[in-house]
Amino acid sequence: MNAINNSILTLILLLPLAGAVLVALAPDRGKLPNWITLATALAIFGLTLHLPAHFDKSASGFQFAVNVPWIDNPAIFYHVGVDGLSLWMVVLTGLLAPVGVLASWNAIAERRKIFFVLFLVQQTAMFGVFVSLDLMLYYGFWELSLVPMAILIAMYGRKDGPKAALKFFLFTFIPSAPLLVAILWLYSQTRSFDFTDIHNQIALGLIPAGPLCWVALAFLFAFAVKVPVFPLHGWLADTFSEAPVALAMVVAGKLGLYSMLRFHIGLFPVQARAAAPYLIALAVIGILYGACLALVQRDFWRLLAFAAVSHLSLIVLGIYGFTATGLAGAVYQILNHGVVDGALFVLLGVLYDRYSTSEIGVYGGVATKLPRTATLFVIAALAMIGLPMLGGFIGEFLILSSTFTGVSKGWAVAAAVGVILGAAYMLWLVQRLFYGPESKLALSKPPDDLHFRELAVLWPLAVLMLVMGLAPMLWLPAIETAFPRVQLVVRGPSTCLSLFSPQPHRQFQTKGRACGESSSRYLPHPSRGRSRPHRCCRHAHRRDPARRISAPIPDLDRSAGNHIGSVGQRAAALLASGYGVLRYRRDKRLHHLLSPPHLRHRSGNAPAVI
Amino acid sequence: MCLLTGAVELLLVFVALEISSISTYILAGYRKNTSRGPEAAIKYFLLGSFATGFLLYGVALIFGATGTTQIYEIARLAPIAQNHSFILAGLALMLVGILFKVSAAPFHVWTPDVYEGAPSPVVALLSTAPKAAAFALLLRVVYEMFPTLHGLWAPLLWIVAVLSMTVGNLAALRQQNVKRMLAYSAIAHAGYLLAAFAGQGNLGIAAASFYIAAYAAMNVGVFAVITLVSGYDEKLPMIDDYRGLIYRSPLLGSLLIFFLISLVGIPFTGGFFGKFYSFSAAVDGGAVALAIIGLLNSGLAAAYYLRLALAAAQQPENNNAETSALAPQVGIAVGAALLLAAGATLVLGIAPSEVLRGAEAGAHTLQAPPIDASTPAISVAQESKQ
């Protein structure tokens, strides 16, 4: 079992590639490429299910980790692993793979081999983004994910494929230029691309604060375009209306939002906090703007695109509210949005397949011809709106309630208005497409309802929406293991405050419950009670005028299990085992709290090198 | 050209440069019964001999100042020479001559015309081998001959790098002819390569050597595809003629897209690591602005590379029977060259360590000159080119 756990992520990454090679070598006869791809996709999904089955919910930190050198200069490691955050992303990607194959079963009629090869490469790239813990590896997969997408949009675009493909590519490629410079700069400072190394060094305040703000901004910009956040959403509508269904359903949201959670909030908690007010405002604008534009669209792909802008902005709101509930809700909503959006894409793809038009106005009264399509569409639409008992409700409720209590009542009310608008455009869309008098279009074609293949995709998704609405606790405990880390590092040393915040100390007043929870779990003195580490951290920052320490950088050795276990644990261990003592030795009480017992009675001049 | 990369004596350098130049002048005019061939050859010849004139004049001035043409002797004597202004002028003139050879802006004007007029296989050679040799010479001149003048040539190369990338990319955006577009992109790539010179010592040299190797592999690949698609007469030179290539010939179409993606600099291809090492050398050397300009430029470059790649991926127009009937045949020799180029690009993208180690070994020999100056760094570039 251990061997499987060690190689499972590598298998998940390599299996799509192996499938792609097989498809490329096999003859293009009949549906052979489809069957090979379907078998591969099902196998991948099976492999991804191994992860939640063997995921240790009681431990936080990266599991199933593999860390081997790949390139020695610069030191790039093949370092992969999942935690509660990426675990479900991987499973969701695995789930959507067979859905995508079945959705393109007949829609892709020619050049099947190239389509399925690129589809599988795209799967590898997506998995790679979710499991990489080395920044260069991550960047590699991040860029790689653009290529199959752009080529396939150009090849199978409905109207003007190459233009949409170019727009998509440039919109996401150009912002990743500053991202790469930022990564290189981090490397030049830390001599490491490793997520945990860089994370620890930033958390300990070893990196100059001024440039770090720009680095954080470069990260944020690249991710915000990919999500997309409000003023950067220009590419989405064209991509949605041109891309093949199987790829459109994976393009928006997940990659960008996951990267925000992992690499923006995860690496730069302080800077992320400073940027949070702006992002909250942009998110709320995005919710309302996307919803309003969705109301007036005449083309259902574009409507879906603006609906996605609205829903993804809601998730951004949940992320940058910086509350434990909001973050959990955001992750849950990413999963739910992935499932619901996938189902809607398949259903609209069915309509487009049958009637060859995406103009909403010419539809109407289709429900009598395609009753099953209508039923499933209504279920998916209700899940998207956030009807209680369906998946959307849980995520939206968590996000909105945490915004209401933890951020600001005004923003919460505005976001809730956006949710109401969401109900309006979705229900109106259902009404215009499926109900009312039978249109000429509905009468012009013989009814051709969902086939077995499509039902086999859609019913499981519908059931999943119901289960996600009824039993969120199947998912939430694993998700929550990811957040003490975020909470803990948010209380890390200030490096960037003077540039953004007039009141530095407020930055560290985390919401009491979450902070107490995380510190009691991660600081090495559980017996000390809940509130004291929390207060002391605040003291530490007040008492520490020198925001940066000029001591030698501790040699964070990559070997000896340094990569196994949570970042939080290691940051705490680092803090406790001497480095923190040096840093905080002025504050005797804090020293007493943070240093391990065997150091506690010494003078506090413990060596900084660990 | 091999002589050029190995030479440590300035007169020998000049002779080698002339030999390689004269043969490329002739090759550029190989198709003598078209109107563009001789034009390209004459343009290349006139401007090229002018540039070698500059180089020779530079050599003469340096000889005048130091009394020797041995590169290591010059490196030893240059800091203590009395006629310092002679050395500066000599360095500047030599740089002009070399930068002409690598087609860096503002010495780039010959490139588009020559690329367009010369036959594609010749351009494949022209854009890689003499260029690699000239870059090797540049490495030798700046790092080996005048390491003490770093403060002087580094800003100069910084400016040339930015100018090359920007001019090359902006001009390439407007091109409809594939070979002209690739010519301007070659200017831009010279710029990316020069960015590596902002790096300090070994890192910069290794990065530059690696970039040459990667660029040679992918560029040879692109031109091999172009040779096959446009045929001997080159009747199909426009981007629109590539429309639907992947439908006509899936193999060629996929390979073209692969090479173009490498030229864009997408990870897991040689082009990515070339850019990566080059810009990380620049960031390491403190030229963060240069790296940002370079990477934004590579975003710009993606626009025109992708225009070609996406045209190849697009569905062919049905009414255009003439082009759609042409399914290019891949011969054994060209097929082998294509596979080799694709393999090299992929290997450089997945396992760059080995090549880089060679490049670094070469960098060490450049930094601390041994008695016989073998340059493994360059031989790596040569290997992947052939």
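I began with chain B of this predicted model, and noted that, among its contacts between residues at least 6 apart in sequence, 80% join residues at least 24 apart. For the secondary structure of chain B I counted 19 helices and zero strands. I then looked up burial, and found that 62% of the 386 residues of chain B count as buried, while its accessible surface comes to about 13700 Å², with 67% of that belonging to carbon and sulfur atoms.

Next I turned to the contact between the chains, to which chain A gives 36 residues and chain B gives 40 residues. Together the two chains bury about 3200 Å², of which 78% is on carbon and sulfur atoms. On the side of chain A, I noted that A:R111, A:V181 and A:L184 supply 16% of the area buried against chain B, more than any other three residues.

I looked for charged pairs across this contact and found one salt bridge, in which A:R191 pairs with B:D284, the closest N and O atoms lying 3.5 Å apart. I also listed which element gives the largest share of the side of chain A that touches chain B, and wrote down α8(A), with seven residues.

Last, I checked helix α15 of chain A, residues 300-320, whose 21 residues should span 30 Å at 1.5 Å a residue, and the end C-alpha atoms are indeed 30 Å apart. Because 20 of its 21 residues are buried, I recorded α15(A) as largely enclosed by the rest of the structure. At the start of α15(A), a side-chain oxygen of A:D299 comes to within 2.8 Å of the backbone nitrogen of A:W301, and after the helix follows A:F322, which has a positive phi near 55°.

Conventions: Residues are numbered from 1 along each chain as its sequence is written. Chains are lettered from A and ligands numbered from 1 in the order in which they are written. This is a predicted model: local features need pLDDT of at least 70, side-chain atom pairs count only at pLDDT 80 or more; totals for chains, interfaces and linings use all residues. Side-chain values use heavy atoms; hydrogens and water are left out. Helices (H or I, at least four residues) and strands (E, at least two) are DSSP runs, numbered from the N terminus. The expected span of a helix is 1.5 Å times one less than its number of residues. Buried means under 20% relative accessible area, exposed over 50%, partly exposed in between (1.4 Å probe, protein chains only). A polar contact is a pair of N or O atoms within 3.5 Å; within protein, one must be able to donate a hydrogen and the other to accept it, and residues adjacent in sequence count only if both atoms are side-chain atoms. Contact means heavy atoms within 4.5 Å. Accessible areas come from the Shrake-Rupley method with a 1.4 Å probe; for residues, only the protein chains shown count as cover. Buried area is the accessible area (1.4 Å probe) that two parts lose on being put together, summed over both. A salt bridge is a side-chain nitrogen of Lys or Arg within 4 Å of a carboxyl oxygen of Asp or Glu.
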